[in-house]
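Please read the following report alongside the sequence and the model, taking the surface first and the interior afterwards.

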Amino acid sequence: MTDNLDGVRDHYRATGLTERLKAALAAFGPEQQRLAPPQLAGLDQFHTRGLAATADLAKLAGITAEMSVLDIGSGVGGPARFLAATCGCRVTGVDLSEPFVEAARYLTERTGQGGQVSFQAGSALQLPFEDASFDVALLQHVAMNIADRAKLYREIRRVLKVGGKFATFDVVLNTGEPHYPVPWARTPATSFLLTAAATREAIEPAGFRAIVWQDDSELAKAWVAQLRASSPPPSPNLGVVMGPEFAELAANLGRNLLEGRLGILTAVFEAT
Ligand SMILES: C[S@@+](CC[C@H](N)C(=O)[O-])C[C@H]1O[C@@H](n2cnc3c(N)ncnc32)[C@H](O)[C@@H]1O
């Protein structure tokens, strides 16, 4: 399987995203009014279980104020802003999608966190950073867009210091074929799912030792069941980022989780 970076970029192209965000955020007050990072959680945490999942992962990775954190596939920057606000650390985000990077910078201006959080465009397969630059690397719901996992995990190991932590939170393949479209791929052409066991087999040879290994599928199913039982999410939500079809993409993810086709893996590795 070969990577399809153009296809993935297309999936997250999000034309006019920053303008859409500006319009949607008018609901919170005038443009010059500073926003608190949790206010954006409905639209800037682009993964299963939203903000709660980011908070759990930060705790498991032991992120503290003096650490330098890299968020790989940082999306519109919600996890980076949340970590900086709650842990006090510096966070750098890197993402393949230029519109997402522009939107992440805009939202970070709105929360006034520009001194602590920054974003740049780039590929996880060729990270634009020196060796041993970071204490922690985060990868939340990104690996399923990447075919060359050996290269991905080697790159992550390269930019981490010895003893640094790699925290990953990902969708994994269980049994059967997923229903498409899903939030990371409209078709299988940009989806490169692995089982949890195959994920571990790809990570460890890059120079990592597992210190946390959790199957969080049941937690994710409970979250889906709760969403299904409640009314549609209040605006603004991820529909602003991905467009009106996001409801269908999210519904398919829920169905795949409930049917056991897909699962959720949380893991933390130490760089050896
Ligand atoms: C489902 S979103 C998750 C965003 C963010 N991690 C979060 O949890 O809010 C997946 C993100 O991964 C990015 N991505 C996918 N493949 C990538 C690659 N090869 N290099 C860098 N970013 C990538 C996409 O552009 C998108 O922003």
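## Surface and charge

The chain exposes about 11,500 Å², of which carbon and sulfur atoms supply 54%; such accessible areas come from the Shrake-Rupley method with a 1.4 Å probe, and for residues only the protein chains shown count as cover. This is a predicted model, in which local features need pLDDT of at least 70 and side-chain atom pairs count only at pLDDT 80 or more, while totals for chains, interfaces and linings use all residues. Residues are numbered from 1 along each chain as its sequence is written, and side-chain values use heavy atoms, leaving out hydrogens and water.

## Overall dimensions

Along its principal axes, the C-alpha trace of the chain spans about 50 × 40 × 35 Å. Buried residues, meaning those under 20% relative accessible area (1.4 Å probe, protein chains only), make up 54% of the 272 residues.

## The nonpolar cores

A nonpolar core is a set of buried Ala, Val, Leu, Ile, Met, Phe, Trp, Tyr and Cys residues joined through side-chain atoms within 4.5 Å. The largest has 59 residues, and those touching the most other members include Leu17, Leu21, Phe100 and Trp184. Helix α6 (residues 98-111) gives the most to this core, with six residues; helices here are DSSP runs of H or I with at least four residues, numbered from the N terminus. Apart from this core lies another of 28 residues, among them Ala124, Leu127, Ala137 and Val159.

## Helix α7

In helix α7 (residues 149-159), the buried residues include Leu152, Tyr153, Ile156 and Val159.

Notes. Buried < 20%, exposed > 50% of the residue type's maximum accessible area, 1.4 Å probe, protein only. Helix = DSSP H or I, 4+ residues; strand = E, 2+ residues; numbered from the N terminus.
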